Amino acid sequence: MAEALPDYPDSDFSDDDQSPLDISFNKAADHMKKLASSLDNNQLLELYSLYKQGTEGKCNIPKPGWLDGRGRRKWDAWKSLGDLPSDVAKEKYIALVQKYAPELTDLNVNNETGAKEAWVAVSSLCRTEEEPDLVYSELSILDAAREDYADRVAELLAEHPELRHDRDEDGLTALHWAADRNATKALQAALDGGCPVDSVDECGQTALHYAASCGHIESTKILVKAGASILKDADDCSPLDIASDDEIKKVLEGAI
């Protein structure tokens, strides 16, 4: 799931204050925002663990409790790296991002200037004049929901109502993806188009589980207003059990 990745904050330091390795690592982390939607859970977990090892070192936090199934999986992935040095973890992270983004294969972490030039090339990828139209017209309902293209979601559901039940390999529907990304416009469009509000993924989790666990208050409110149920997932956890903050808990408690 997408939540396997940490938030990648913008660096507080200029490139001139960082080593070539750190420049490349931070740029790779930033690029992950574009890659995350195309990766599966195992790939995301591996990247998550390397990122945490690279930025914080050896896992030094308690293992989450049984109510936090996803947190436990993320903890296990990080813990499995043991005493792997942070610099090695950063190098492995960069290499893995390059593997999933072939356009980054010329990134040179040993030369600061080379690293900067490589990333400039990435930020201005060559595009054909037709690509913008092709991208929009070929978006699937899951892609559109993930990227918050509400008009595309509405268009697809109007033309193909059966897409209300479309899922990816992990059982995620348009509602799951919109809730995960807090793509509120697409979320509302999917609901208006008839997407079942209580559809569950392969772990028995609804879109409300995703919104609550990610701390997305607006998505949580939209789903509750649409009549989302407070269901238990495969780990016997409800959205209320895994809610990330008190404000979301209050919204969920009001729906019970």
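A salt bridge is counted here when a side-chain nitrogen of Lys or Arg lies within 4 Å of a carboxyl oxygen of Asp or Glu. By that criterion Arg152 and Glu155 are joined, since their side chains meet at 2.7 Å, N to O, and a search of the whole structure finds eight salt bridges. The structure is a predicted model, and the points below take up its salt bridges, its annotated repeats, and the surroundings of several of its helices.

**Salt bridges within a helix**

- Arg152 and Glu155 both belong to helix α8 (residues 150-159), where, being three residues apart, they are separated by about one helical turn.
- The two partners of this bridge differ in their surroundings, because Arg152 is buried with a relative accessible area of 7%, whereas Glu155, at 30% relative accessibility, counts as partly exposed.
- A second bridge joins the side chains of Glu56 and Lys52, again at 2.7 Å, N to O, and both residues lie in helix α2 (residues 41-56), four residues apart, or about one turn of the helix.
- An α-helix has 3.6 residues a turn, so residues three or four places apart point the same way.
- Of the α2 pair, Lys52 counts as buried at 14% relative accessibility, while Glu56 counts as partly exposed at 44%.

**Salt bridges elsewhere**

- The side chains of Lys58 and Asp83 meet in a salt bridge at 3.2 Å, N to O, and this pair links distant parts of the chain, with Lys58 in the loop between α2 and α3, Asp83 in the loop between α3 and α4 (86-100), and their positions 25 residues apart.
- Lys58 is partly exposed, with a relative accessible area of 46%, and Asp83 is exposed, with a relative accessible area of 60%.
- Asp143, Arg146 and Glu147 are linked to one another in a network of salt bridges.

**Annotated repeats**

- An unreviewed UniProt entry places the feature "repeat: ANK" at residues 170-202 and at residues 203-230.
- Over residues 170-202 the chain is 52% helix and 0% strand, and the C-alpha atoms at the two ends of this stretch are 6 Å apart.
- Over residues 203-230 the chain is 61% helix and 0% strand, and here the end C-alpha atoms are 15 Å apart.

**Helix α11 and its packing against α9**

- Helix α11 (residues 207-214) is mostly covered, with six of its eight residues buried; these are Ala207, Leu208, His209, Tyr210, Ala211 and Ala212.
- The elements that cover the buried residues of α11 include α3 (69-79), α9 (174-181), α12 (217-225), α13 (239-242) and α14 (246-253).
- Helices α9 and α11 pack at an angle of about 10°, with their axes 8 Å apart, and they are therefore roughly parallel to each other.
- The contact between these two helices brings Leu175, His176, Ala179 and Asp180 of α9 to Ala207, Tyr210, Ala211 and Cys214 of α11.
- Just after α11, Gly215 takes a positive phi of about 80°.

**Leu223 and Glu253**

- Leu223 lies in helix α12 and is buried, with a relative accessible area of 0%.
- When residues up to four places away in sequence are not counted, Leu223 touches Ala179, Leu187, Leu191, Val197, Ala207, Leu208, Ala211 and Ala228.
- Leu223 and Gln188 are 35 residues apart in sequence, yet their C-alpha atoms are 8.5 Å apart in space.
- Glu253 lies in helix α14 and is partly exposed, with a relative accessible area of 48%.
- Glu253 and Ile230 are 23 residues apart in sequence and 9.2 Å apart in space, C-alpha to C-alpha.

**Helix α4**

- At 1.5 Å a residue, the 15 residues of α4 should span 21 Å, and the end C-alpha atoms are indeed 21 Å apart, which agrees with that expectation.
- The buried residues in α4 are Ala89, Lys90, Tyr93, Ile94, Leu96, Val97, Gln98 and Tyr100, and what covers them includes α1 (20-35) and α2.

Notes. Residues are numbered from 1 along each chain as its sequence is written. This is a predicted model: local features need pLDDT of at least 70, side-chain atom pairs count only at pLDDT 80 or more; totals for chains, interfaces and linings use all residues. Side-chain values use heavy atoms; hydrogens and water are left out. UniProt positions are given in the numbering used here, feature names are shortened, and annotations may be inferred rather than shown by experiment. Buried means under 20% relative accessible area, exposed over 50%, partly exposed in between (1.4 Å probe, protein chains only). Contact means heavy atoms within 4.5 Å. The expected span of a helix is 1.5 Å times one less than its number of residues. Axes are lines fitted to C-alpha atoms, for helices over the stretch in contact, and angles run from 0 to 180 degrees between N-to-C directions. Angles under 35 degrees count as roughly parallel, over 145 as roughly antiparallel, 65 to 115 as roughly perpendicular and the rest as oblique.
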